[in-house]
Amino acid sequence: MDDHLIRFQDKKNVFIDLETFNLCLNFQHNRPWQVAMIKTEKDKIIDKRDIYVDWWSETNLDISKDAARITKFNKSKVMSRAIPSRDAFSQLAEWLDDADNIIGHNIIGFDVHLIKEWYHLQGKSWDHLVDKFIDTNCIAKAYKLNEPLPEGKSLVEFQHKMYYRRAKGIRTNQTALGKEFKIDFDYENLHDALKDLELNMLIWNQLKWRIEI
């Protein structure tokens with residue numbers, strides 16, 4: 001029986017993507033101004049959250065020019081919807097704490113560090129989240145390199161190994177994967193966190209049938 005494989009498990013998944021001020025992995029220099037989350041069960045969307053966070057009232061940090069350009073950042077729009085960081089964290093933690101899996105693209109390489117920092121900022125432990133993370137970038141790399149999950153090795157360890165694995169000619173960005181899997185999508189509107197997640201969910205639903213995890 002293959003009941004141990006993720007594709008056959010009835011799990012509560014939360015897909016998450018952060019849009020941030022820059023690419024730094026430390027809250028001293030970087031914060032997420034947008035948090036998008038999609039909650040799914042049995043591959044069906046149950047709920048969505050698109051949260052804008054007001055860090056400007058609490059810090060002197062601001063978005064870099066490159067990040068603003070790439071994400072089409074509109075400060076007036078963001079501030080009209082932004083909520084205090086403590087309230088945003090409450091919404092984030094509510095879903096992540098309850099999730100069986102937390103899924104994102106390059107989440108191990110980027111988002112997880114800022115999620116950890118945010119938990120620490122709020123005086124909360126994040127240890128219970130560690131084994132929940134699934135990084136579609138790492139899983140896609142394993143699929144393309146035909147690298148199976150070794151028996152007895154944790155998925156977290158395996159993904160970290162794949163994150164640091166370098167291979168020429170292997171393209172695992174979301175646009176490349178979406179087109180390879182023939183996913184019909186508006187690729188011009190990526191870099192909005194919620195749009196990125198909608199594609200990420202479709203990519204995950206393809207990947208989990210292509211690799212034994």
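**Exercise 1. Strand E2 and its neighbours**

Determine how many residues of E2 are buried in this predicted model, and which strands E2 is joined to.

*Solution.* Begin with the burial of E2, which is mostly covered, since nine of its ten residues are buried. Next, take the side of E2 that faces E1: nine bridges join E1 to E2, and the two strands run antiparallel. On this side Thr20 stands opposite Pro32 in E2. Then turn to E3, which is joined to E2 by eight bridges, again in the antiparallel sense. Here Ala36 has Asp50 in E3 as its bridge partner, and Ile38 has Lys48 in E3. Finally, look at the connection itself: the hairpin of E2 and E3 has two residues between the strands, and Lys42 in this hairpin takes a positive phi near 55 degrees.

**Exercise 2. The order of the sheet**

Work out in which order the six strands lie and which of them are the edge strands.

*Solution.* The six strands form an open sheet in the order E4-E3-E2-E1-E5-E6, with mixed pairing. Its edge strands are E4 (residues 83-84) and E6, each of which pairs on one side only. To see where the mixed character arises, set the antiparallel pair of E1 and E2 beside the pair of E1 (residues 12-20) and E5, which is parallel and extends over three bridges. In general, the strands of a sheet pair through backbone hydrogen bonds, and they do so either parallel or antiparallel.

**Exercise 3. Strand E5 and the crossover to E6**

Describe which way the residues of E5 point, which residues stand opposite them, and how the chain crosses from E5 to E6.

*Solution.* As a starting point, side chains in a regular strand alternate between the two faces of the sheet. In E5 (residues 101-104), Asn101 and Ile103 point one way while Ile102 and Gly104 point the other way, and all of them are buried. Towards E1, the residue opposite Asn101 in E5 is Asn13. Towards E6 (residues 133-135), E5 is joined by three bridges, and these two strands run parallel. In this pairing Gly104 stands opposite Asp135 in E6. The chain crosses from E5 to E6 through helix H4 (residues 107-121), a β-α-β crossover that is right-handed.

**Exercise 4. Aromatic contacts**

Characterise the ring pair of Phe21 and Trp56, and find the cluster into which ring pairs link these residues.

*Solution.* A search of the whole structure finds twelve aromatic pairs. One of them is formed by Phe21 and Trp56, with 5.4 Å centre to centre and 55 degrees between the planes, and it counts as tilted because an angle over 60 degrees would be needed for edge-to-face. This pair links distant parts of the chain, with Phe21 in the loop between E1 and E2 and Trp56 in the loop between E3 and helix H1, 35 residues apart. Both Phe21 and Trp56 are buried. Ring pairs then link Phe21, Trp33, Tyr52, Trp56 and Phe73 into a cluster. A further contact with a ring involves Arg31, which lies over the face of Trp55 at 4.8 Å from the ring centre.

**Exercise 5. A pocket**

Establish the volume of the second largest pocket and which residues lie nearest its centre.

*Solution.* The volume of the second largest pocket is about 290 Å³. Its lining comprises 17 residues, of which His4, Ile6, Leu149, Leu155 and Ile213 lie nearest the centre. By element, E6 and helix H6 (155-163) each supply at least two residues of this lining.

Technical notes:
Residues are numbered from 1 along each chain as its sequence is written. This is a predicted model: local features need pLDDT of at least 70, side-chain atom pairs count only at pLDDT 80 or more; totals for chains, interfaces and linings use all residues. Side-chain values use heavy atoms; hydrogens and water are left out. Buried means under 20% relative accessible area, exposed over 50%, partly exposed in between (1.4 Å probe, protein chains only). Helices (H or I, at least four residues) and strands (E, at least two) are DSSP runs, numbered from the N terminus. Two strands pair if DSSP finds at least two bridges between them. A crossover is right-handed if, with the strands pointing away from the viewer, the path from the first strand over the helix to the second runs clockwise. Rings of Phe, Tyr and Trp (its six-membered ring) pair if their centres lie within 6.5 Å; planes under 30 degrees apart count as stacked, over 60 as edge-to-face and the rest as tilted. A charge sits over a ring if NZ of Lys or CZ of Arg is within 6 Å of the ring centre and within 35 degrees of the ring normal. On a 1 Å grid over the protein atoms alone, a cavity is a set of points where a 1.4 Å probe fits but cannot get out, and a pocket is an open set with protein on both sides within 12 Å along at least five of seven lines; lining residues have an atom within 4 Å of a point. Grid points are joined across faces, edges and corners, and a volume is the space filled by probe spheres set on the points.
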